[in-house]
Amino acid sequence: MRWRDAFVFAARSVRRRIGRAALTVLAVALAAALLSSLLIAAGVARERVLNDVARGGPLTGIRVDAAAPTVGALDSDTPPVGAPKTIDSRALRQITALAGVRSVTPVLVMPVLVLPAPTAATSATTTTTTTATGLVPIPPAPGTAATSFQDSIVGADLHHSGDLPVSLLSGRLPSPDARDEVAVTVGYLRRLGLNDKQAARVIGTEVEYGSARLFPQLGRPAPQRGLWMRGLVVGVVAQEAGSGDLLVPLPQAQAARSWSLAGLTATGFGTQVGEYSALFVVADSLDHVATVRQLINRVGFSTSAPETLIAQVQRYVHVVEIVLGGIGFIALLIAALGITNALLAAVRERRREIGVLKAIGGRDRDVRRMFLLEAGMLGLLGGVLGAFGGFLIARSLAAVVNRYLREQNLAGVHIGLPTMIVFGTIGGAAVLALIAGTIPAQRAARLPARRAMGDQ
Amino acid sequence: MRVRDVCHTYATDDGPLTVLDSVSLDVAPREIVAITGPSGAGKTTLLSLIGGLESLQAGSIEVADLSLGSLSGDALAAYRRTTVGFVFQDYGLLGTLTALENVELALTFAGLRAAARRTRARDLLDAVGLAARAAHRPAALSGGECQRVAIARALANGPRLVLADEPTGNLDEHATDRVLDLLRSLPGEHDCTVVVVTHNANVAASADRVVLLAASHLAPAERLS
Amino acid sequence: MASPSAFTAVAIADDATLPRDVNTSPRDTWPQQFFVNALPRASRFVNLATGPLSTSDVLGREASVLPVLHARVAVVLVGLDDVAFRVPPAQFGQALTDVLAAVHKAGVARVLVGTLPAKAGSVLAAGTPIALYDDEIRTAVRAAGAVLVDVAAIDVSGAIDASEHVFYPDSAGHKAIADAFTRAYQAAYPQG
């Protein structure tokens, strides 16, 4: 008997027992849907955590610090040797030109005095005009809110914010060229007596920050005067780009640096003398991080990178994938047992029919082939329905996750059609069904031809 | 066809049960032989042994120069496919297939291509007077029509021997007559030998020869005609 | 390229304008409030106020650093220390004229000058009304083409420091001065 004829015969058998076939297909489809949706979810997690973040994201970022004992280099595991070396435009160009470097984003941290927006309570007694001019006061928070505090602004080239260890918690990042926008950290909220969940309260308020400059022209000893800047708080972030509670566009920090440097008569007072405090280098792949770090060290700068963290995340994600895949596989295995059971029942019911097939010339292998094809068909159909069902389930889950991420002002996940998983699930279900059909098919093939005469 | 000293025993809960004991039978080409006997006498077992459905325990059976004792597996399947044709009491048609497809099924096992199968099956249905019912499933056919489809299927691969087990057992008188006419015509029109197991005196009467199987032994019966 | 609103403003004043002590927030001073209320958010601001110093000293100190600041707006409130030091009004007037000339020379386009809070006059001996100083201010402002902010006409609360004989506005006083400067700036430069 030809394969094609056996296929047609098997298809007719499936159609004849449509109810049972539908239930069997449904079981396979559900299991396949579970498997594929879990694999898709695990894949998206990996994509998000490793590909989005690690392959070019902040976690592959290499922090480059000045080759001198600096607070920024405290965590460096490649301490610099030789003469102090600050990070300037030349260093930026040199490092940008290194092999394996995808992008270099400069960061400049400057100390400032911060005047957060007055709380409603303080504004009533001190600066009520601020409300009259449209400045939104921060609602009063329990505890003592600071009216001014010393901190630092972290100026970064926000054109490449994706390459920085900055995560948006609420609102948005400042526009890269804006002179009047800032993002604040959770530390800023704490200073105001607010907690993480009250991030939205500071958005839309204004913060003033001033950097210091010595003015020998104004007296002896030289008094300090501030260059004051203002920014509308547009977002709340978690950031590791530099030590400071205000994230501002790089030009603002550069203005503060120029201001401070102009008043220096000696080398000092701990003012940031280098053009940049740090650089964030993103390697073009995780595999190149170590090489790029070596190259940067050779140029003469310290580096630090969360490679071990990435490796750990990779391991965790892999474990999650294995567990999720295992759950899906067990489900598919149960469905396969369902196929075996359904086909065994079919063999029991069709003993007479199998006998007739043999009586009119069917060989054992013809009968085996028919039953195997029937099992494969059920598996294939269930696999197709399940794979696409799983895709739809994953899409639905992604919609729920995206709603949450949107609430958290985080970028959503996108579920594309994962060709490998879809075809893998379909193929896997069909193969498993074929394996599941082996025992019933074998049993059918071994039924004696005398069954054609009925049970005796 | 030559059956020599065939013995057959079934294992039962009450011990071995011998249904055939040294049974011998010769059937000439194009002869129609009816085997009668009481229920449980071993008629169907003998038919199964001749048709290669049952393994031979003792004795020998030769059909068309083939010794069944030496055949097994695929060779036995090939024997059933090419040398014999079966007609069952309950027709043995597949309910999912039409009359045409049921006939085609036997040709499918012979490896014929679809077009050739279709032509041959139509001719056979035409020969049994069911060309107009080719597209009907067994459920839509009468008992007599089903049995005629079964006969057409039995003839599909041009068998030398047609084995019929109570072919009219489920049929009314009119249908019985038509099926008998058909069976009687087989040796002449299809050059084959016919062995019929039956309780029906009319069926037995229409055979060239009647043998009686009783108490595990075969004996010539009186010509009922 | 910086937007037109991205400019620098300076305050030229004496120490009465600075926070009294470390417990006082810069936000409590009138120049800082003027910066927040009157100027665009993208602007920058420097409070050059220092002291104690007479207006003639301002020329050598605060006015001298103006050229490097490239300021577009200057708010000026000087004379409180002159009053305390009993600098003759005419001499004060000349010093202010010189300061405003230096401010103009430094390229500052928008100059606002305030008259003195009326209460500052209580340290003066009888026969030297504070109005004489205000007259000098008005004359100098007119001559320089600057905008006059009539602080003398508003109620600026505050107190005379007993040891320094200098009038220091309190929080409400700073706010009143800031409001006066803001109103004057918005009237003179409605486009911001």
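Here is a walk through a predicted model with chains A, B and C, going from the individual chains to the places where they touch.

Let's start with chain B on its own. Its secondary structure comes to 7 helices and 10 strands. Chain B has 225 residues, and 53% of them count as buried. If you look at contacts in chain B with a separation of 6 or more, 69% of them link residues 24 or more positions apart.

One piece of chain B that is easy to pick out is an open sheet of 4 strands, in the order S2-S1-S4-S5, with antiparallel pairing. The edges belong to strand S2 (15–26) and strand S5 (66–67) of chain B; each has a single partner strand, so one side of each is left without a neighbour in the sheet. Zoom in on the S5(B) end and you find strand S4 (residues 58–63) of chain B pairing with S5(B) in the antiparallel sense, over 2 bridges. For a concrete pair to click on, take B:Glu62, whose bridge partner in S5(B) is B:Ser67.

Now over to chain C. There are 7 helices and 7 strands here. Reading along the sequence, you get the pattern β-α-β-α-α-β-α-α-β-α-β-β-β-α. Of the 192 residues in chain C, 58% count as buried. As for contacts in chain C with a separation of 6 or more, residues 24 or more positions apart account for 75% of them.

Chain A gets a brief stop before the interfaces. A:Arg93 is found in helix H3 (residues 89–96) of chain A. Is A:Arg93 buried or exposed? The cut-off for exposed is over 50% relative accessible area, and A:Arg93 counts as exposed because its relative accessibility is 56%. A:Arg93 can also be placed relative to A:Val104: the two are 11 residues apart in sequence, and their C-alpha atoms are 9.0 Å apart in space.

With that in hand, bring chains A and B together. How many residues of chain B are in contact with chain A? There are 30 of them, and they meet 24 residues of chain A. The size of an interface is often given as the accessible area lost when the parts come together. Between chain B and chain A the buried area is about 2500 Å², with carbon and sulfur atoms giving 59% of that. On the chain B side, B:Leu53, B:Thr96 and B:Phe109 supply 25% of the area that chain B buries against chain A, more than any other three residues.

There is plenty to inspect by way of polar chemistry here too. Across the interface of chain B and chain A the rule finds 4 salt bridges. One of them joins A:Arg12 to B:Glu101, with the closest N and O atoms 2.7 Å apart. The count of residue pairs in polar contact between these two chains is 7, both residues being at pLDDT 80 or more. The elements giving two or more residues to the side of chain B that touches chain A are helix H1 (43–51), helix H2 (73–82) and helix H3 (99–109) of chain B. H3(B) gives the most, with 5 residues. By residue class, that side of chain B divides into 12 nonpolar, 8 polar and 10 charged residues.

Next comes the interface of chain A with chain C. Here 34 residues of chain A are in contact with 34 residues of chain C. The buried area is about 2800 Å², and carbon and sulfur atoms give 55% of it. The salt-bridge count is 2, and the side chains of A:Glu206 and C:Arg41 meet in such a bridge at 2.6 Å, N to O. Between chain A and chain C, 15 residue pairs are in polar contact, both at pLDDT 80 or more.

What does chain A bring to this contact? The elements that give two or more residues are strand S2 (101–115), helix H5 (129–132), strand S6 (206–214), strand S7 (224–239) and helix H8 (250–262) of chain A. S7(A) gives the most, with 8 residues. The residues of chain A on the side touching chain C divide into 15 nonpolar, 12 polar and 7 charged.

S7(A) also pairs across the chains: 2 bridges join S7(A) to strand S2 (residues 44–47) of chain C, and the two run antiparallel. To find that pairing on screen, go to A:Trp228, whose bridge partner in S2(C) is C:Phe45.

Terms used: Residues are numbered from 1 along each chain as its sequence is written. Chains are lettered from A and ligands numbered from 1 in the order in which they are written. This is a predicted model: local features need pLDDT of at least 70, side-chain atom pairs count only at pLDDT 80 or more; totals for chains, interfaces and linings use all residues. Side-chain values use heavy atoms; hydrogens and water are left out. Contact means heavy atoms within 4.5 Å. Buried area is the accessible area (1.4 Å probe) that two parts lose on being put together, summed over both. A polar contact is a pair of N or O atoms within 3.5 Å; within protein, one must be able to donate a hydrogen and the other to accept it, and residues adjacent in sequence count only if both atoms are side-chain atoms. Ala, Val, Leu, Ile, Met, Phe, Trp, Tyr, Cys and Pro count as nonpolar, Asp, Glu, Lys and Arg as charged, and the others, Gly among them, as polar. Two strands pair if DSSP finds at least two bridges between them. Buried means under 20% relative accessible area, exposed over 50%, partly exposed in between (1.4 Å probe, protein chains only).
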